[in-house]
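Reader: I have not seen this one before. Can you take me through it?
Author: Yes, have a look at it and ask away.

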Amino acid sequence: MDPQRTEVSTLGEFGLIDHLTKNNEIKNASTVLSVGDDAAVMDHFGKQTVITTDMLVEGIHFDLMYSPLKHLGYKSVIVNLSDVYAMNAHPTQITMSIAFSNRFSVEALNEFYEGVYAACDKYNVDLVGGDTTSSQKGFIICVTAIGEVAPDKFVTRSGAKKDDLICVSGELGGAFLGLTLLEREKKIFLETKGVQPDLENQDYIVGRILKPEARRDIIEFFEEKEIQPTSMIDISDGLSSEALHICKKSETGCVLYEEKIPINEMARQFAYKLELDPTACALSGGEDYELLFTIGQKDFDKVSENPNISIVGYITEKEKGSVIITKGGNTHPLTAQGWNALK
């Protein structure tokens, strides 16, 4: 027996919740009542509230062979905060519900919650509730994020207009390449005894998949420059899939330019090494958690000032369809080949 292992059964459900939340600190004035009652209480003082929820299931969304529990706790918060930022809102509270089998000890859950609290601290978010229960197999995580936005400032997927500029934050394709590398090394490790994983010093792409960040800085930039995007979505399923979501909801078409898609140089070189097309990784890879948004042309100069934003195309009439123009000048229909958790 591991002398450091504490069985969850020794604490019981309520004892475990008390244990995991004993150092929980409140950061937002809107949090009136936090963990420890039948429900949390929030008051957003006249602002509008946005709510989003996401579920992560072991073996579908993450693999504990290469996902450290602390990183997983951090990422499970980030993917929800990203959805709040995609509404042009600021996250203020989360609830965290987990189901786990008896292979998880109290120490393992502590490690997971270290990541949860690290994300809450970095993004100034309060953990205000949740649930714990047993699972016959594996680990299941469900996070709900709550945010606030000034009235009429929230941004949906449906507001893009003809001639709007299509913009994206950060760089794309890195998370998919990181996942590809981790899956390759897992396969080698399982097939060949004694072989240690070799991540080839690819810290950037591995970090992109295991510890993504949410783009609070972009929302703050909009506020500072008084930019109101016409539509927005976060990139969880690849650039092409998300662009098509905006076009469908806005009843428009779009033109993307391959040469304008931002791809990290280390990621690009590693894609070539794996004989993958870096553009395909950006279009269909997913899990980058960058923001894809559209703006009116009047905001072109403001957005051009920001080195973390790339203008990658523009919105067209619905009849023109959604296309990408390659570096060679060829035009191809934009197709969604993003990852599907239900396949």
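**How the two domains meet**

Author: In this predicted model, 22 residues of domain 1 touch 25 residues of domain 2.

Reader: Which residues make up domain 1 and domain 2?
Author: Domain 1 covers 29-149, and domain 2 covers 164-333. Taken over C-alpha atoms, their centres are 25 Å apart.

Reader: What area is buried between domain 1 and domain 2?
Author: About 2100 Å², with carbon and sulfur atoms giving 58% of that.

Reader: And how many salt bridges are there between domain 1 and domain 2?
Author: Three. There are also eleven residue pairs in polar contact between the two domains, counting pairs with both residues at pLDDT 80 or more.

Reader: Which helix gives the largest share of the side of domain 1 that touches domain 2?
Author: Helix α2, residues 69-85, with nine residues. By class, that side of domain 1 has twelve nonpolar, six polar and four charged residues.

Reader: Where does Lys-75 come in?
Author: Lys-75 forms a salt bridge with Glu-287 through their side chains, at 2.7 Å from N to O.

Reader: New topic. Which residues does the UniProt annotation "binding site" cover?
Author: The unreviewed UniProt entry lists Tyr-113, Gly-130, Asp-131, Arg-157 and Ser-236 under that annotation. These residues are spread over 124 residues of sequence, and in space they lie up to 32.4 Å apart between C-alpha atoms.

Reader: Which helix holds Tyr-113?
Author: Helix α3, which runs over residues 106-122.

Notes:
Residues numbered from 1 in each chain as written. Predicted model: local features only at pLDDT ≥ 70, side-chain atom pairs only at ≥ 80, totals over all residues. Heavy atoms only, no water. Domains from an automatic or database assignment. Contact = heavy atoms within 4.5 Å. Buried area = accessible area lost by both parts, 1.4 Å probe. Salt bridge = Lys/Arg side-chain N within 4 Å of Asp/Glu carboxyl O. Polar contact = N/O pair within 3.5 Å; in protein donor to acceptor, adjacent residues only side chain to side chain. Helix = DSSP H or I, 4+ residues; strand = E, 2+ residues; numbered from the N terminus. Nonpolar A, V, L, I, M, F, W, Y, C, P; charged D, E, K, R; others polar. UniProt positions renumbered as here; feature names shortened; annotations may be inferred.
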